[in-house]
Amino acid sequence: MPVHQLLATNAQWAADVAQSDPTFFPTSAQGQSPHTLWIGCADSRVPASVITGAKPGELFVHRNIANQFHPDDKNILSVLRYAVDHLGVEHVVIVGHSRCGGAQACLNAALAPNFVPGNLPIATIEDYPAEEDINRWLEPLTELTASLELGSISDAALQTIVEENVKLQVKNLSQSEVIQRAFENGTTALGKKVQIHGWVYDLATGRLKDLHVSQSSK
């Protein structure tokens, strides 16, 4: 679809919504109260609202390459704080997906003949210098991949990385100051309990898989 057609389809969508629910846009303009913060991959095949059937206003969304939660990433930390402390979300979910390009790059790098574990920085994508932003971003995932000692490049190995990555990011999320405070206090700053979850979306079936690594306020 040429980009100019996006404007046309938006206009049609807005008109359809306004006709079916005249109060929707005036109500939406008054503010948001999403129930969930979705931290997912930037992959164009995994649009959070579409695959969950959520309506505008239900999900607060942050997406990046390979759905990672870096403890020193000010962007994601600010999104988390705003979502939990100001919007009052009660769920934070890390969502990976099958056939993730970021995970595939890390698998290729970790199994390359010239890869040396612990030798940083890592040029995960060899077309770019090791210090390039995308390589620095993928570095922790490449280290995780190497630690799994998968042995060969295969669909099964890639799926293992995808799932282990989600589990690690849930762990990183649980150790963030915002979540730790909510867990220790029993509720968030707005007096709500919060839960964190780890899921994986299967591109071939359209289904979400719960990895059963959820944690919640006591």
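**Exercise 1. Phenylalanine 25 and its aromatic partner**

Task: In this predicted model, decide whether phenylalanine 25 is buried, partly exposed or exposed, and classify its ring pair with tryptophan 13.

Solution.
Step 1. The relative accessibility of phenylalanine 25 is 31%. Buried requires under 20% and exposed requires over 50%, so phenylalanine 25 counts as partly exposed.
Step 2. Tryptophan 13, at 41%, also counts as partly exposed.
Step 3. A search for aromatic pairs gives a count of four. In the pair of tryptophan 13 and phenylalanine 25, the ring centres are 5.6 Å apart and the planes stand at 80 degrees. Planes over 60 degrees apart count as edge-to-face, so this pair is edge-to-face.
Step 4. Tryptophan 13 belongs to helix H1 (residues 3-20) and phenylalanine 25 to helix H2 (residues 24-28), so the pair ties together parts that are twelve residues apart in sequence.
Step 5. Trp13 and Phe25 also belong to one aromatic cluster with Phe24.

**Exercise 2. A pair between a strand and a helix**

Task: Classify the ring pair of phenylalanine 60 and tyrosine 82, and state which elements hold the two residues.

Solution.
Step 1. The distance between the ring centres is 5.8 Å, and the angle between the planes is 45 degrees.
Step 2. Planes under 30 degrees apart would be stacked and planes over 60 edge-to-face, so the pair of phenylalanine 60 and tyrosine 82 is tilted.
Step 3. Phenylalanine 60 is in strand E2 (residues 59-64) and tyrosine 82 is in helix H4; with their positions 22 residues apart, the pair links distant parts of the chain.
Step 4. Phenylalanine 60 counts as buried, at 17% relative accessibility, whereas tyrosine 82 is partly exposed at 40%.

**Exercise 3. Salt bridges within helices**

Task: The whole structure has ten salt bridges. For three of them, find the helix, the spacing in sequence and the N to O distance.

Solution.
Step 1. In helix H4 (residues 74-86), arginine 81 and aspartate 85 are four residues apart, about one turn of the helix. Their closest N and O atoms are 3.1 Å apart. Arginine 81 is partly exposed, at 34%, and aspartate 85 is buried, at 11%.
Step 2. In helix H6, arginine 136 and glutamate 139 are three residues apart, and their salt bridge has an N to O distance of 3.8 Å. Arginine 136 is partly exposed, at 39%; glutamate 139 is buried, at 9%.
Step 3. In helix H7, glutamate 164 and lysine 167 are also three residues apart. The N to O distance of their salt bridge is 3.3 Å. Glutamate 164 is partly exposed, at 27%, and so is lysine 167, at 33%.
Step 4. Why do such spacings suit a contact within one helix? An α-helix has 3.6 residues a turn, so residues three or four places apart point the same way.
Step 5. Salt bridges with shared partners join Arg81 and Asp85 with Glu177 and Arg181 into one network.

**Exercise 4. The cover of helix H5**

Task: Is helix H5 (residues 101-110) mostly covered or mostly uncovered, and what covers its buried residues?

Solution.
Step 1. Seven of the ten residues of helix H5 are buried, and the helix is mostly covered.
Step 2. Four of the buried residues are alanines: Ala103, Ala105, Ala109 and Ala110. The list also holds Gly102, Cys106 and Leu107.
Step 3. The cover of these buried residues includes helix H6 (133-148) and helix H7 (155-174).

Definitions and conventions:
Residues numbered from 1 in each chain as written. Predicted model: local features only at pLDDT ≥ 70, side-chain atom pairs only at ≥ 80, totals over all residues. Heavy atoms only, no water. Buried < 20%, exposed > 50% of the residue type's maximum accessible area, 1.4 Å probe, protein only. Contact = heavy atoms within 4.5 Å. Salt bridge = Lys/Arg side-chain N within 4 Å of Asp/Glu carboxyl O. Phe/Tyr/Trp six-rings, centres within 6.5 Å; stacked < 30°, edge-to-face > 60°.
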